[in-house]
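Let us take a walk through a protein together, one stop at a time. Have a look at the sequence and the structure below, and keep them beside you as you read.

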Amino acid sequence: EPPNDFAYWVTHVLQEDRMGERLASIDTVRFNSLAALREAMLAALEEFLSTSPPLRECPPGEEFYFMRSILFDLPTEHTAWDLESFRDCLKKVSINSLYYHVFTGRLRLPLGENDFSDWLVKALGEDRLARQIDKLDPYTHTMEGLRKKIIQLVERRIQEESHVPA
């Protein structure tokens, strides 16, 4: 399946496989803003349209409807102040909280990275762990799988810290 709604629609509804593949190949994770992602998609569409024969019409009832999303962010009862409490909170928070901090965190300016990595660097000086978490591609994991992977990285770092001689 194409990884985004645009690629899916272009491929399956318009049956423009080449353009659908091009849209599907845009790595959405590498973009730090929606504006930059929009520009990349527009550039791909404009290039395709300039070199392609006339396109098929969309079948009636299969039009693409652009949706608007409204995000509400509410604090939870979970607070982390070190790696152990961070790990414990990750085990308890909902996947909605995880989604908020991983997916939408990347798109909120000026960060361009997930909230966890930002906090790990700024609050704890955990640059390497932050980079490891930031490198995770959230599109290749389920939310629970992503939670487990982040917890695994944090637990590995806690283990490393406990073996460092004072």
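Which exposed residues does the face of H2 turned away from its buried side carry? Before answering, keep in mind that this is a predicted model. The residues in question are Arg-18 and Glu-21, both exposed.

Now turn to the other side of this helix. H2 runs over residues 17-24, and Met-19, Gly-20 and Leu-23 are buried in it. Looking down the axis of H2, you would find its buried residues within an arc of 100°, so they line one face of the helix. A general point about helices helps here: an α-helix has 3.6 residues a turn, so residues three or four places apart point the same way. What do the buried residues of H2 pack against? Their partners are helix H1, residues 5-12, and helix H3, residues 34-51.

Just before H2 there is a small detail to look for. The loop between H1 and H2 holds Gln-15. Although Gln-15 is not a glycine, its phi is positive, at about 60°.

Next, let us turn to open spaces. The largest pocket holds about 1600 Å³ of space. It is lined by 41 residues, and those closest to its centre are Asn-4, Phe-6, Leu-34, Leu-37 and Met-41. H1, H2, H3 and H5 are the elements that give two or more residues to this lining. Which of them gives the most? That is H3, with eight residues. You have already met H1 and H3 as the helices that the buried residues of H2 pack against. By character, the lining of the largest pocket divides into 29 nonpolar, five polar and seven charged residues.

The second largest pocket has a volume of about 610 Å³. Among its 22 lining residues, Thr-76, Ser-97, Tyr-100, His-101 and Phe-116 are the closest to its centre. At least two residues of this lining come from each of helix H4 (83-92), H5 and helix H6 (115-124). H5 provides the largest share, five residues. This lining is made up of 13 nonpolar, seven polar and two charged residues.

Let us stay with H6 for a moment, where Ser-117 is found. Is Ser-117 buried or exposed? Its relative accessible area is 0%, so Ser-117 is buried. The side chain of Ser-117 reaches the backbone oxygen of Ala-130 at a distance of 2.7 Å. Setting aside neighbours within four places in sequence, Ser-117 is in contact with Ala-130, Ile-133 and Asp-134. Keep the last two names in mind for the next stop.

From pockets we move on to cavities. Rolling a probe the size of a water molecule over the atoms shows where empty space is left. How many cavities of 30 Å³ or more are there? The count comes to two. The largest cavity has a volume of about 50 Å³. Its lining consists of Val-102, Arg-106, Asn-114, Ile-133, Asp-134, Leu-136, Pro-138, Leu-146 and Ile-150. Ile-133 and Asp-134, then, are both contacts of Ser-117 and part of this lining. Helix H5 (95-107), helix H7 (127-135) and helix H8 (143-162) each supply at least two of the lining residues. Six residues of the lining are nonpolar, one is polar and two are charged.

In the second largest cavity lies about 40 Å³ of space. Around this cavity you can find Arg-128, Leu-129, Gln-132, Leu-153, Arg-156, Arg-157 and Glu-160. H7 and H8 are the elements that give two or more residues to the lining, and H8 has the largest share, with four residues. Here the division is two nonpolar, one polar and four charged residues.

Our last stop is in the segment after H8, where His-163 lies. With a relative accessible area of 60%, His-163 is exposed. What does the side chain of His-163 reach at 2.7 Å? It reaches the backbone oxygen of Gln-159. As you look back over the model, you might compare two stops: Ser-117 is buried, whereas His-163 is exposed. Each has a side chain that reaches a backbone oxygen: that of Ala-130 for Ser-117, and that of Gln-159 for His-163.

How values were computed: Residues numbered from 1 in each chain as written. Predicted model: local features only at pLDDT ≥ 70, side-chain atom pairs only at ≥ 80, totals over all residues. Heavy atoms only, no water. Buried < 20%, exposed > 50% of the residue type's maximum accessible area, 1.4 Å probe, protein only. Arc of directions from axis to C-beta. Contact = heavy atoms within 4.5 Å. 1 Å grid on protein atoms, 1.4 Å probe; cavity = no way out; pocket = protein on both sides within 12 Å on 5 of 7 lines; lining within 4 Å. Points joined across faces, edges and corners; volume = space filled by probe spheres on them. Nonpolar A, V, L, I, M, F, W, Y, C, P; charged D, E, K, R; others polar. Polar contact = N/O pair within 3.5 Å; in protein donor to acceptor, adjacent residues only side chain to side chain.
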